[in-house]
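Reader: Mind walking me through this one? I'd like to talk about sheets, the helices on them, and the cores.

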Amino acid sequence: MGERVDDEELERLVGEGAELLLAGWGSAGRGAVRDDFDEWFTRHGLDEYARDISELFLQTKLPVRKDLTAMWRARLRVGVRVPSDPGAVDELRALIDRLIPTVLSDPAGGDLIDFRSGTFNGQVIGVQHVRNTYGTPPLGDAQPGPLDWPLAKDVEPLTHGVRPTGRVKGLPALPPYVGRDQDGMVNSALEQARSEGGLVIVLGQAYVGKSRTALAAMAQVVPEYRVFAPAQHEDLRKLPALLRGRAERCVVWLDDLDGHLGDRGLEPRLLAQLTGLEAVVLATMREDVYDTYVRTSAPGRLLDLANTVELPVAWEAAESKRAEETEDPRLVVAARESGTTGVPAYLTIGHRFWNDWQRDRNPGRHPRAHALLRAALDLARCGLKGPLPQDLLVTVHEGYGIAGLERETLDDAFEWAGREQYGVLRMLNRSGLKKAPCWEVLPYFVHTAEQDEGFPPVAGWVWGLAVEAARANPSAYDVESVVAGARAGYLREAEAGDGAAMHALGLLEGGQGAAMHALGLLEGGQGEGEKAESWFRRAAEAGWTDSAGHLGRLLVERGETREAERFLESAAEVGDDEAATLLGKLLRDRAAKWFGAAAELGNPEAARQLGDLFLAEGELVQAEDCYLRAEEQGYAEVARSSGMLHLLCNGPGAAQVWLTRAAAAGDGPAAELLAHLGSGPQPLEETRDRFSFSEAYPLDNAHYGVIQEEQGELAEARKYYEKGYEVGDAYAAYRLAVLLEKQGNGEEAKLWYRKAADMRHLIALAVAERPGAPDTVKE
């Protein structure tokens, strides 16, 4: 609970705060001053004043307005006098104590005052020398006279109540004034007041342009009048005494008239005095405030004395046309986009929204809403005009890497960005069904970003998502325009060396895949393939492996398979499965070519390898031809392949013979296949003829011997085993050794094991190395 302070202490405190705020504007610590006062006003429910702080500190030159300090003193006074918020006083005192060292340490020697020992009765009296002050003391305390007041034709709108709009390089701070259809009525009322005296009120809703219209009329009707613009709630009772006896005619400018009413402000008797002194009183007032005054009260009776002109919100066609004819881009866009909101509200609130959005990236404010608005803004700049699917916004906003997103839920972010603020506009406008909502960003954001040379361009990955969205919904978006924009965006990044952008250009130019076909990029356009290849090649050379895969495919389509292989391999090594598959097929085809060449030259291994390729493709006749070539040359390594071929051709007996040979040579896969045939012998009678041509196929001596052995013809089996050994078949020697061992002829079996071992038969080698095995037999 804050400590109670008397009125004198409060006045001293708010005076210190106002002077510190304005002195801080020109100090090295201006950022801290701005942020602390912004936070103080926001925390105590004075958001509009907080926004005005931000706008004040955006100015490149502080407006020299004699009542500026008084205005901020009045605003601070509002904050500290809220009964339900007693802590505001203590917080303001702590803020002042914290910031004074920052402002006083300004090496530039700006407008520095040690306020803590000063007196704030009328003018500010600082302990240190004050070189400049922006405050205007109340009337009667050494108040400058009318000769020090500006002429009506010279009044600066931004320091007299007109709200700022966005700045555009090379253009004035404010757009030119656009004549309203009500200008004639305002001018006529002001001319009557000039002749007869009285009060003129320009009435309208908030942000309708009341101040700008009234000031324009003042500059036109009474250009040489002196303008007195008191701060709100300032005591006006001494104004007649100040004007009496002076030759200068003056205008009393009372922007937001409700802040100048009451016993110490304007009331019927004071208005009569000012009329008698030929002063004109020109004011603005909001409609909702105007309607609250009871006509029996003094302020209400004053309003009945006024000549009132009301400004409508929406602009008529003629007014919008005049705005477009100014050729100021701010007015041109506002006239086209503002609709029923009205041009002034669109420009001023859009400007506030933009500034708010720039600050909302801070994790303590609305980082997720900031990212969602950035997504909508960037997609609109990509050419996706109109409502955007919420899912698309969510996908894009997560790609910006903005910190603190987890502190704000999606629902909260959309609710804040889509909330009507200032009673007029939303940053995001919602449409569509509840289950499939769509959002459209305020056009002011899009045009401001397009005019701001320092605003970041749309990133390449966003362009990619925009192209996909346009392709998916061609009836809603101009696909050709989006693609053209993407091409320009990618080109900018590619020229800066971005490999991803080069790859994207390759996709756009070449139209690779079904997606690009759907975009219509492959129809016509002679030379697109060469452009695509060029971009893919540049991207691949820049290390972008996705492009290596695409380039490889382009080269394959053109028949340049050898050059394609290195690019496909580069892509395959980083996980491009399609590139790996295509490379495998190319290498398989090349392998088949060279295996075939070697087989024609009589190489049995090449014949077996070529046969395996044919077998994998289901070309059984060609596979058998290759295997027979290998068998003709006694190439025992063909055993598993021949066994598999017989299995496929429904020859289990022959398959068993071949697989048994392969398994005996240590072929694991062959042993597994043999196990699947079953433990018992296969019917071999049908295979007898198959292996009877042993003279043409040396390996078949052993195979025929196996059949004889299975049928009990052991002598015949030995005969064929010995024939097989004589033509160099180690398996034949091994089979004979096994047969002899079964017959109990161990010593002779050892000799044949040794013969098989000398021919490098694996199992025979193991047997021969057992203890007691005979020495190598020398033939």
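**Sheets, helices and cores**

Author: Happy to. One thing up front: this is a predicted model. In it, Pro389 has Cys438 of E10 as its bridge partner.

Reader: Which strand is joined to E10 by 2 bridges, and in which sense do they run?

Author: Pro389 pairs with Cys438 in E10, and strand E8 covers residues 388-389. There are 2 bridges linking strand E10, residues 437-441, to its partner. That partner is E8, and the two run antiparallel.

Reader: And in what order do the 3 strands of that open sheet come?

Author: Start from the edges: E8 and E9 (428-432) each pair on one side only. The pairing in this open sheet is antiparallel. Its order is E8-E10-E9.

Reader: Which helix packs on that sheet, and at what angle to E10?

Author: Look at residues 367-381, which form helix H15. H15 touches E8, E9 and E10. The direction of H15 and that of E10 make an angle of about 75 degrees.

Reader: OK, cores next. Which residues touch the most other members of the largest nonpolar core?

Author: That core has 72 residues, and H15 gives the largest share of them, with 9 residues. Leu393 has contacts that include Leu372, Ala375, Phe414 and Trp439, leaving out residues up to four places away in sequence. The members touching the most others are Leu379, Leu384, Leu393 and Phe445.

Reader: How many residues are in the second core?

Author: This second core is separate. Among its members are Ala18, Ile53, Leu76 and Val103. Its count is 31 residues.

Reader: Now the sheet of 5 strands. Why is one side of E4 and of E7 left without a neighbour?

Author: The sheet is open and its pairing is parallel, in the order E4-E5-E6-E3-E7. Strands E4 (226-228) and E7 (307-310) stand at the edges, so one side of each has no neighbour in the sheet: each has a single partner strand.

Reader: What is the bridge partner of Val200 in E7?

Author: Strand E3 spans residues 198-204 and pairs with E7 in the parallel sense. The two are joined over 4 bridges. In E7, Val200 has as its partner Asn307.

Reader: Last one: what angles do H6 and H9 make with E3?

Author: Helix H6 (residues 183-196) packs on the sheet, where it touches E3, E6 and E7. Helix H9 (residues 268-276) lies across E3, E5 and E6. For H6 the angle to E3 is about 165 degrees, and for H9 it's about 120 degrees.

Note on methods: Residues numbered from 1 in each chain as written. Predicted model: local features only at pLDDT ≥ 70, side-chain atom pairs only at ≥ 80, totals over all residues. Heavy atoms only, no water. Pairing = 2+ DSSP bridges. Contact = heavy atoms within 4.5 Å. Axes fitted to C-alpha atoms, helices over the stretch in contact; angles between N-to-C directions. Core = buried A, V, L, I, M, F, W, Y, C linked by side-chain atoms within 4.5 Å. Buried < 20%, exposed > 50% of the residue type's maximum accessible area, 1.4 Å probe, protein only.
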